[in-house]
Amino acid sequence: MELRLEAVGHHYGDNEVLRDINLHIPAGKIVCIVGPSGCGKSTLLRFMGGLEQPTTGQVLQLGEAPPGCLNPLTYIFQDFALLPWRTVHGNISLVLEDHGIPAADANRIIDDVLARTKLSDFATALPKQLSGGMKQRVAIARALAVNPAVLLMDEPLSALDSQTRELLMDDLVTLWTRNPFTAVYVTHNLAEAVRLGHNIVVLSRRPGCIHEIVQLDTPLDQRHSTHPECEKQQQYLWQLMRDEARAADAELLNA
């Protein structure tokens, strides 16, 4: 399934947040969205997921969801959103419980996503027993359990330390390489965008408009933090954003 945004704009009262966003999210690709603070990145993601409706324009879902898809549009959040009284297995099973799936089939799905996210040995652990990186792995496993058509990822690694972020980026690359999925990934971290994005959408400061879409051709499994192309693209993105970021920070301070 693909997403297409046509002339999307939004106001909160008299405050214009987004203006004339035209964007294609192709199937089987990761599209990262970056931009200055307050430019509407997360708002745009909520429109894609149907949590809010834009003031103008529309978000279209094109094509069919994959076979076995239980939830076409599935979120992964920054704060993990795990139930503390449920085990790892129980947190993942939660998303399957309203779909009438026989217990044996549900357990097979859970075992599969636990293995894919390197959590098989922690199925009976409670969230309080897990590190931040492992909690986010549980959130990723839970999202994968419903076989989504599009993953919507809102700053999923921003609460983690740099070493854990690197490990989880490696994990996401491995997951995508083994079974390519469609994802929209909102981040303020340019290194994450360059590491994970096939296309990187650069938004201007508020009202957020598409300043440029940068396409990266280096295969995901060949990228790393010191890869010359990654370093070059990260510098280019910062050049695109630097003046806008300074202006946005000044606007927020004076608001």
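These questions and answers cover salt bridges in a predicted model.

Q: Why is the contact between Arg-108 and Asp-105 called a salt bridge?
A: The closest N and O atoms of Arg-108 and Asp-105 are 2.0 Å apart. The cut-off is within 4 Å, so the pair qualifies.

Q: What separates Arg-108 and Asp-105 along helix H3?
A: About one helical turn, because the two are three residues apart in helix H3 (residues 103-116).

Q: Why does Arg-108 count as exposed?
A: Its relative accessibility is 53%. Exposed means over 50%, so Arg-108 passes.

Q: Why is Asp-105 called partly exposed?
A: Asp-105 has 30% relative accessibility. That value is neither under 20% nor over 50%, so Asp-105 falls in between.

Q: How do you know that Arg-116 and Asp-112 form a salt bridge?
A: Their N to O distance is 3.2 Å. That is within 4 Å, so the rule is met. Both lie in helix H3, four residues apart, about one turn of the helix.

Q: What makes Glu-192 and Arg-165 a salt bridge?
A: The N to O distance is 3.8 Å. This too is within 4 Å, so the pair counts. Glu-192 sits in helix H6 (residues 190-196) and Arg-165 in helix H5 (residues 162-178), so the pair ties together parts 27 residues apart in sequence.

Q: Why is Glu-192 called buried?
A: Its relative accessible area is 2%. Buried means under 20%, so Glu-192 fits.

Q: How many salt bridges does the rule give?
A: Nine.

Q: Which residues does a network of salt bridges link?
A: Lys-118, Arg-137 and Asp-171.

Technical notes: Residues are numbered from 1 along each chain as its sequence is written. This is a predicted model: local features need pLDDT of at least 70, side-chain atom pairs count only at pLDDT 80 or more; totals for chains, interfaces and linings use all residues. Side-chain values use heavy atoms; hydrogens and water are left out. A salt bridge is a side-chain nitrogen of Lys or Arg within 4 Å of a carboxyl oxygen of Asp or Glu. Buried means under 20% relative accessible area, exposed over 50%, partly exposed in between (1.4 Å probe, protein chains only).
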